[in-house]
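Hello, and thanks for taking a look at this one with me. Below are a few points to help you find your way around the inside of the protein.

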Amino acid sequence: MKNFMDKDFLLETKTAQDLFKVVENAPIYDYHCHLPPKEIADNKKFPNITEIWLGSNGYGDHYKWRQMRTYGVPEDYITGKAEPYEKFLKWAETIQNLAGNPLYHWTHLELQRYFGIYEPLTVKTAPAIWEKANALLASDEMSVKGIFKKMNVYAVGTTDDPADSLEFHKAIADGSAPIGKIETKVKPSFRPDQAVNIEKPTFAAYIEKLSKAAGISINSADDVITALVKRLDFFIENGCRASDHGLDYCPFALASDKEINKAFKAALAGKTVSHELEEAYKTKILSALAVAYAERGIVMQMHMNVMRNINKKMFKLIGADTGFDASCDHSMAIKLASLLNHIEEIGELPKTVLYSLNPADYYALGTTMGCFQGTVKGQKIKGKIQLGSAWWFCDHRDGMEEQIKVLGNLGMLSAFVGMLTDSRSFLSYPRHEYFRRILCNVLGNWVENGEFPADKEILEKMVKDIAFDNALAYFGK
């Protein structure tokens, strides 16, 4: 029997163990996350492990919340007003029953790496762990700045609305924020979903907000594009290197500007727009933005095939991003291929990362992206189009292995830009370690099975590239 989550955790071969030593302490480029820029700027210290693990102030870790509900924990101990210690005990009771769930591994990696706690979290061990973790959270080492330094975080890409003032990013960059000068680069990412989702009831109010932020009157779809590109340039001035699009499905439809603008005005008036014109509007906006990204060297990320807020009763009670989303099986292959081809026809595809919450899409994504590799503005790009890391419900051990193997089978694993946390928690950085262990184990097994040569130089460069160097080259310094 192997020891519980020891130094060789998930590393089944000597080759895997040797490869992991090469990247164990490599820098982290967390190019997509949901960390609040204000909490970074304020160099927040968390008063207890419940707040940093389960959340407060209207946001938190909905991965954990879902499993607490599954275990039958009342909502008051999840997002309600129960005391932090009571919530922690409920999480401990939940986690001791989570065999097979990645939350079990993540939780214990976080206890090990941040708090030096190597015993499993259970109802019995919870009181002592609560005391030790909270004592350490009071130290400077466990402020946001301390966490970034401890985990060797080179950069984080936050998720930001085009209408955002980026005041916290500015303060972080110039050193005037309470966090002071930090080595970690905090980059805004351009997330224009609210301007794209013409079908949402909040669309009209958002267009008014965007109009004010951009300082232009918006009366047509072309005006939306003008406003978004203006804001994109503002984001780039403040360090932006990537955009991000949360797409429930991949849209593609073409219509005349007259038809699209008629639908746009109807949406502003609160009227329902046909699905065909909804798609045509989204196609127009996304295509124009993609061309703008290519011209400016910005990476386009597309997160697809999600069903959001499907429990409407709970959505009304506690809002979005609280654990009521699911994987979807929209057919995407034809529309994605059509959208990417359309962008190429009207301009040029930017560097693009394709994610799906449904792993059944991997073969469509992995083969489609091979049709659009190459250059941007004449510059050769290694892995221009990427099969994004196993995302959200897929970022467990089996999901990561599947994504790595599909990419190896259909594309070029050595060109992969690697892991991201996609997290709202400052303790999530051991997920990069988790990914690196899985990556090294897959490669180690290939080598020891005689499927790839035991060439130390090539293998070590490969894992270094995937762990950090590819992301640095792809997203920029």
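1. A word on terms before we start: helices here are DSSP runs of at least four residues, numbered from the N terminus. With that in mind, look just past H4, where Gly72 takes a positive phi of about 95 degrees. Please remember throughout that this is a predicted model.

2. Stay with H4, which spans residues 62–70. At its start, a side-chain oxygen of Asp61 comes to within 3.0 Å of the backbone nitrogen of Tyr63. Is this helix mostly covered or mostly open? It is mostly covered, with seven of its nine residues buried. Those buried residues are His62, Tyr63, Lys64, Trp65, Gln67, Met68 and Arg69. The cover over them includes H3, S3, H5 (84–95), H6 (102–115), H15 (312–318) and H19 (430–448).

3. Next, the largest nonpolar core, which has 158 residues. Ile40, Ile49, Phe115, Leu121, Val224 and Tyr429 touch the most other members. Phe115 is a good one to click on: leaving aside residues up to four places away in sequence, Phe115 touches Ile49, Glu110, Lys132, Ala133, Leu136, Leu137, Met142 and Leu427.

4. How many cavities of 30 Å³ or more does the structure hold? There are six, and the largest has a volume of about 80 Å³. Its lining is made of 13 residues, with Glu51, Ile52, Gly55, Tyr59 and Arg424 nearest the centre. H3 (49–54) gives the largest share of that lining, four residues, while strands S2 (55–56) and S3 (59–60) each supply at least two. By class, the lining of this cavity has six nonpolar, four polar and three charged residues.

5. Now for the largest pocket, with about 1,400 Å³ of space. Which residues lie nearest its centre? They are Arg191, Asp193, Arg308, Ala320 and Asp321, out of 36 that line the pocket. S3 and H4 turn up again here, each supplying at least two lining residues, as do H10 (193–196), S7 (242–247) and H15. The lining of the largest pocket divides into 10 nonpolar, 12 polar and 14 charged residues.

6. The second largest pocket has a volume of about 450 Å³. Of its 26 lining residues, Phe20, Glu24, Asn25, Arg113 and Glu433 are closest to the centre. Helices H1 (14–23), H6 and H19 each give two or more residues to this lining, which holds nine nonpolar, five polar and 12 charged residues.

Notes: Residues numbered from 1 in each chain as written. Predicted model: local features only at pLDDT ≥ 70, side-chain atom pairs only at ≥ 80, totals over all residues. Heavy atoms only, no water. 1 Å grid on protein atoms, 1.4 Å probe; cavity = no way out; pocket = protein on both sides within 12 Å on 5 of 7 lines; lining within 4 Å. Points joined across faces, edges and corners; volume = space filled by probe spheres on them. Nonpolar A, V, L, I, M, F, W, Y, C, P; charged D, E, K, R; others polar. Core = buried A, V, L, I, M, F, W, Y, C linked by side-chain atoms within 4.5 Å. Buried < 20%, exposed > 50% of the residue type's maximum accessible area, 1.4 Å probe, protein only. Contact = heavy atoms within 4.5 Å. Polar contact = N/O pair within 3.5 Å; in protein donor to acceptor, adjacent residues only side chain to side chain.
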